[in-house]
Structures are given as C-alpha cells and as structure tokens.
Amino acid sequence: MKSVVTGVAGFIGSHLAEELLEMGHQVVGIDAFTEFYPRQMKESNLFTIQNNNKFRLIEGRLQDLNLERVLSGADYIFHLAAQAGVRTSWGESFSDYVDNNIIATQVLLESSKKLHLKKLVYASSSSVYGDVDELPMSEDMRLCPISPYGVTKLAGERLSSVYHKSYRVPVVILRYFTVYGPRQRPDMAFYRFLRAAIDGDTMVIYGDGSQTRDFTYVSDAVRATLAAAEQGKPGRVYNIGGGNRISLKNALAVIKRVSGEKLKVKWDDFHRGDMRHTYADTTRAQRELNFAPQVDLEAGLKQQYQWMLSDFKGIEGD
Ligand SMILES: NC(=O)c1ccc[n+]([C@@H]2O[C@H](COP(=O)([O-])OP(=O)(O)OC[C@H]3O[C@@H](n4cnc5c(N)ncnc54)[C@H](O)[C@@H]3O)[C@@H](O)[C@H]2O)c1
C-alpha cells in the first residue's frame with residue numbers, strides 16, 4: 001500500500017505516518033516546513049521515521065510540487081497540511097490561510113482526479129461549527145464558523161465535496177476536536193499551559209475559564225483517521241472527539257495534578273474567533289468507523305507532560 005501524508009512533519013501527521021509505517025505501508029510524506037512554529041520541532045517529529053526505508057520525505061508546498069509525479073500510484077492520501085491556529089487567522093496573515101488551506105487543498109484535489117485512490121481523508125476541524133445553539137455538535141448542523149481559520153477549513157470541506165460529486169474523488173472528511181498529546185503545536189493551549197507550569201511562568205488564559213472543549217488524544221485521532229481510510233464512506237463527514245469535554249478551569253486542575261506544580265495564571269479577555277464550547281456528537285463515527293476513544297484526559301496529559309519534560313527539552317532554548 002502506498003500512502004501519501006501531507007503535513008507529515010506536523011503534530012498529527014507525524015503520528016499518523018508512524019502508524020502507517022507500522023502497518024507496512026510505504027509512506028510519502030509532504031511538508032513545506034512553514035514558519036508557523038520552529039522547523040526544529042518539525043524535524044524532531046520525524047526523528048523516529050526519517051531513516052525508515054519505506055518512508056520518503058518530500059519538502060515543498062503542495063501548490064509548488066509536481067503532484068502528478070508525487071501522487072502517482074497512491075492508494076490513500078491523508079491531507080493534513082494546513083495553516084492551523086484560530087487566533088492568528090485575522091489580519092494580514094489570512095493570506096497564508098487562503099494559500100495553505102484553500103488553494104493547497106484545491107490543487108491536491110485537482111491532482112487526485114485521475115488517480116485510482118481508495119480514499120482521500122481530509123482533516124477538517126470543529127472550528128467549522130462556530131457557536132451553536134445546541135450541544136453536542138452533530139455533522140448535519142448548520143455550519144457558521146466564527147474565525148477566518150474556520151472559514152478556510154470549511155472551504156476545504158466544500159471543495160472536497162465538489163470533487164467527490166463531480167469527479168468521484170473518494171473523499172472522507174474528519175472534523176477533529178482539539179487534539180493534544182506529545183508533539184502538540186506550541187501555539188495550542190495545553191502546550192502553553194504545561195510549558196508555563198514547567199518553567200514556573202505565568203500562563204495567560206483568554207476568557208473566564210468557563211469555556212469548554214472536547215479534547216481528543218492524538219492516538220485516538222490517528223486511529224479514527226486510519227478507520228476513515230478503511231471504512232469511511234466517500235462523501236461523508238465524521239466528528240472525531242475524545243469524549244473528554246471539560247471547562248478550561250477544570251483542565252487547569254488536571255494540569256496542576258499532572259505537573260505537581262503551582263500554577264500562576266493571568267486572566268485576559270476572550271479572543272475574537274474562539275468558540276465558547278465544543279462538544280462532538282460522535283454517534284456516526286462510532287457506528288460507521290467503530291470509533292471509540294481510549295485515552296482519558298488525565299492519562300493523555302501525563303503523556304504530553306512527559307514528552308515536554310524529556311524529548312523536547314532544550315530545543316526551544318536554542
Ligand atoms: N491539532 C488540532 O487540534 C486540530 C484540530 C482540528 C483540525 N486540525 C487539522 O489537522 C491538521 C493537522 O494539524 P496539526 O495540529 O498537526 O498542525 P501542524 O501545523 O502541526 O501540521 C501541519 C503541517 O502542514 C505543513 N504545511 C502547511 N501548509 C503546507 C503546504 N501548503 N504544503 C505542504 N505542507 C504544508 C506545515 O509545515 C505543518 O508541518 C490540519 O489540517 C489542521 O487544520 C488540527
């Protein structure tokens with residue numbers, strides 16, 4: 001089997017590539033090493049697989065590569081490359097979101113038309129929902145993103161649906177709900193909180209802490225992604241949530257327990273574009289993908305904490 005993973009040097013993509021190699025796939029990984037966070041972190045994400053002879057890394061932007069050549073013979077494509085991050089999607093940097101989330105997706109879909117793919121999995125986000133009246137969020141709800149990032153992820157979904165309908169590209173869309181664990185991006189809340197706890201710094205929390213998130217441990221997200229490739233129905237959308245919905249205030253209590261540190265917290269205003277609550281209805285993923293998250297928040301945070309203490313120590317100071 002040949003799998004292509006876009007965004008392979010990123011947080012989720014690197015875990016996914018590891019799993020695919022374990023399963024015996026040949027993996028072609030594409031990554032542009034964008035400057036959103038340090039290249040060194042992304043290189044260290046690839047540390048365990050870089051010398052695997054079934055793995056090939058292609059560095060470049062999807063928009064610039066000769067995709068016909070790169071994708072040739074692929075059975076599966078996992079499209080995780082994106083400009084992530086809600087808060088930075090306002091203002092001038094929006095053009096990065098358009099380029100890497102909309103144009104890159106369209107280019108990839110266009111190049112996939114002629115392939116004989118078994119599946120193309122598109123990594124979307126709970127951000128496409130926006131603030132909803134009713135929880136949990138189910139796939140058929142009205143979508144009303146409240147951040148520019150969410151708008152671009154939704155555009156990627158729509159493009160995926162269009163290429164599925166018109167060209168039978170077998171796209172399955174996954175809406176991940178806040179993924180965490182080792183290798184988490186440094187702009188994400190748990191990374192920032194744990195970093196501050198470790199360094200004895202003050203952590204800045206936006207809002208009053210009553211906002212809730214459905215947190216998904218990275219191995220659960222990866223398992224769901226592999227199941228989507230195997231069993232997902234082309235054209236379908238699946239929520240992937242960890243079943244760990246918790247308020248930020250309560251998450252801080254878990255971080256305090258896990259780190260054993262006293263936390264110094266500074267409260268700041270809500271950020272525009274941040275959703276009040278996220279909560280995934282995963283009935284469809286349970287039924288059609290046999291998805292059942294296995295890692296609870298405390299166990300998952302312990303793993304992330306250990307990673308931040310050991311593997312990654314030192315890199316940031318460079
Ligand atoms: N982490 C989460 O909680 C979360 C939640 C919802 C959705 N998602 C989605 O999951 C995917 C992976 O997220 P992540 O947290 O691992 O992000 P990440 O930033 O760690 O990984 C994305 C990778 O894509 C690469 N990239 C960006 N634009 C590219 C381009 N044009 N061509 C080639 N490579 C490019 C980046 O260099 C980066 O290494 C993204 O599509 C994101 O929108 C993530």
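## Strands E7, E9 and E11

Strands E7 and E9 run parallel and are joined by two bridges. One residue pairing across them is that of valine 179, whose bridge partner in E9 is threonine 216. The model described here is a predicted one.

E9 also pairs with strand E11 (residues 244-247), in the antiparallel sense and over four bridges. Here threonine 212 has serine 247 of E11 as its bridge partner. The result is an open sheet of three strands in the order E7-E9-E11, with mixed pairing. E7 and E11 are the edge strands, each pairing on one side only. In strand E9 (residues 212-217), five of the six residues are buried, so the strand is largely enclosed by the rest of the structure.

## Helix H6

Helix H6 covers residues 189-199, and its buried residues are Phe190, Phe193, Leu194, Ala196 and Ala197. These residues lie on the same side of H6, because the arc they cover around the axis is only 160°. An α-helix has 3.6 residues a turn, so residues three or four places apart point the same way.

The buried residues of H6 pack against two strands and two helices: strand E7 (179-180), strand E8 (202-206), helix H8 (248-259) and helix H10 (297-309). E7, one of these packing partners, is also an edge strand of the three-stranded sheet. After H6 comes glycine 200, which has a positive phi, near 70°.

## Serine 259

Serine 259 belongs to helix H8. Is this serine buried, partly exposed or exposed? With 19 other C-beta atoms within 10 Å, serine 259 is partly exposed; a residue counts as buried if 20 or more such atoms lie within that distance.

Not counting residues up to four places away in sequence, serine 259 touches Leu194, Ala197, Ile198 and Tyr305. Of these contacts, Leu194 and Ala197 are among the buried residues of H6. Serine 259 and leucine 194 are 65 residues apart along the chain, and their C-alpha atoms are separated by 7.6 Å.

## Surroundings of the ligand

The ligand is surrounded by 31 residues, the closest being Gly7, Gly10, Phe11, Ala82 and Ser125. Two or more residues of this shell come from each of helix H1 (11-22), strand E2 (26-31), helix H4 (94-112) and strand E5 (119-125). H1 gives the largest share, three residues.

By residue class, the shell around the ligand holds 16 nonpolar, 10 polar and five charged residues.

## Overall fold

The secondary structure of the protein consists of 10 helices and 12 strands. The radius of gyration is 19 Å, close to the 20 Å that the globule rule gives for 318 residues, so the protein is as compact as a globular protein of that length. Its C-alpha trace spans about 55 × 45 × 40 Å along the principal axes.

Buried residues make up 47% of the 318 residues. Among contacts between residues at least 6 apart in sequence, 83% join residues at least 24 apart. The contact of serine 259 with Leu194 is an example of a pair separated along the chain, by 65 residues.

Terms used
Residues numbered from 1 in each chain as written. Predicted model: local features only at pLDDT ≥ 70, side-chain atom pairs only at ≥ 80, totals over all residues. Buried ≥ 20, exposed ≤ 12 C-beta atoms within 10 Å, placed from the backbone. Arc of directions from axis to C-beta. Contact = placed C-beta atoms within 7 Å. Near = placed C-beta within 6 Å. Nonpolar A, V, L, I, M, F, W, Y, C, P; charged D, E, K, R; others polar. Pairing = 2+ DSSP bridges. Rg over C-alpha atoms; globule rule 2.2 N^0.38 Å.
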